[in-house]
Amino acid sequence: MTTPPESAIIGRPHPPAASPRRYVTSRNPELYPYRLTWSAVDPDRHPLAWDAEEEAELTALIASMATAAQAEADTNAEGNPKWRFYHEVTELLAARYGRWTCGWHWAIGEGGGGGVVSSWCCVSHSVNEPGATAARIVASLLEWRDWLEELAERFARLAPPPGASTEDRSWHLERAATRLVTLVVDRTGTECGWYGMCSKVLTWFLTSAGLSPQEAEQAVDAAIGGRFASWTMPRQTLVDSVAEDLAAGLTGRRPYRDV
């Protein structure tokens, strides 16, 4: 399948450029996970051919890279071989499977930038013995892929139906936003930076439903308005308010309530 070129990279810098480098998976800005658009990660656009043979081959390749980095560290080479290895893995995965892979390390909590991946933590804790490191990276990649496939399925179920009235479209958007925020809250545990993943998921949903990436991002930013915070479980009333504001901002109509 041919993937259409992306016309723009969206997303406010998250985290900002001055943040610790543990959040950056490559020296190439095009491979920063928080810049991913839905067109770059949609599993339907980017199928993955995967079997036991491919898993074994990739694991062995990454283990050899980790071994080389470990040997370089033992010789007291300049720079930090662990970090170079980390970046090189992202570049390898992107070249082998596509840009969608660069979210493989978007892990839960402060070490991973507030994502959903549980198999990875950070360079300081997750890069050690080559075989174990390689297995951990492959598990993280597959976990990330599972997340994207789950989102694609949910987006399809939650999207407003074609030809929906303004009132119905508002209801569907409010319902979708409520469920997606709740999903991200559950997967991230609302640990450090979780709201970045939340904003990204909502933006991806709106893009999958037909908005441009720029329109979707602006609508999500306006609806959330800085009301989500690290280490803070949002009250249901806040989740409902954000969802209603998103729907109203996009349709000009507050969603109706079932009675």
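Is Trp-204 buried or exposed, and what is its relative accessible area? Select Trp-204 in this predicted model: the residue has a relative accessible area of 0%, so it is buried, the cut-off being under 20%.

Keep Trp-204 selected and show its contacts. Beyond the neighbours within four places in sequence, these are Leu-36, Thr-37, Trp-38, Val-41, Trp-144, Leu-148, Leu-151 and Phe-155.

Next, go to the aromatic rings. The model has twelve aromatic pairs. One of them joins Tyr-32 and Tyr-34, a tilted pair with 5.7 Å from centre to centre and 40 degrees between the planes. Both Tyr-32 and Tyr-34 are buried.

Add Trp-38 to the view of Trp-204. Their ring centres are 5.8 Å apart and the planes meet at 45 degrees, so this pair is tilted. The pair connects distant parts of the chain, with Trp-38 in helix H1 (residues 38–41) and Trp-204 in helix H7 (residues 194–208), 166 residues apart. Trp-38 is buried too, at a relative accessible area of 7%.

Extend the selection to Trp-106, Trp-144, Phe-155 and Phe-205: together with Trp-38 and Trp-204 they make up one aromatic cluster.

Now select the largest nonpolar core, which has 71 residues. Ile-62, Phe-85, Trp-144, Trp-147, Trp-204 and Leu-206 touch the most other members. Helices supplying at least two residues each include H2 (52–74), H3 (81–97), H5 (130–158) and H6 (166–188). H5 contributes the most, eleven residues.

Finish at Arg-145, which lies over the face of Trp-100, 4.7 Å from the ring centre.

Technical notes
Residues are numbered from 1 along each chain as its sequence is written. This is a predicted model: local features need pLDDT of at least 70, side-chain atom pairs count only at pLDDT 80 or more; totals for chains, interfaces and linings use all residues. Side-chain values use heavy atoms; hydrogens and water are left out. Rings of Phe, Tyr and Trp (its six-membered ring) pair if their centres lie within 6.5 Å; planes under 30 degrees apart count as stacked, over 60 as edge-to-face and the rest as tilted. Buried means under 20% relative accessible area, exposed over 50%, partly exposed in between (1.4 Å probe, protein chains only). Helices (H or I, at least four residues) and strands (E, at least two) are DSSP runs, numbered from the N terminus. A charge sits over a ring if NZ of Lys or CZ of Arg is within 6 Å of the ring centre and within 35 degrees of the ring normal. A nonpolar core is a set of buried Ala, Val, Leu, Ile, Met, Phe, Trp, Tyr and Cys residues joined through side-chain atoms within 4.5 Å. Contact means heavy atoms within 4.5 Å.
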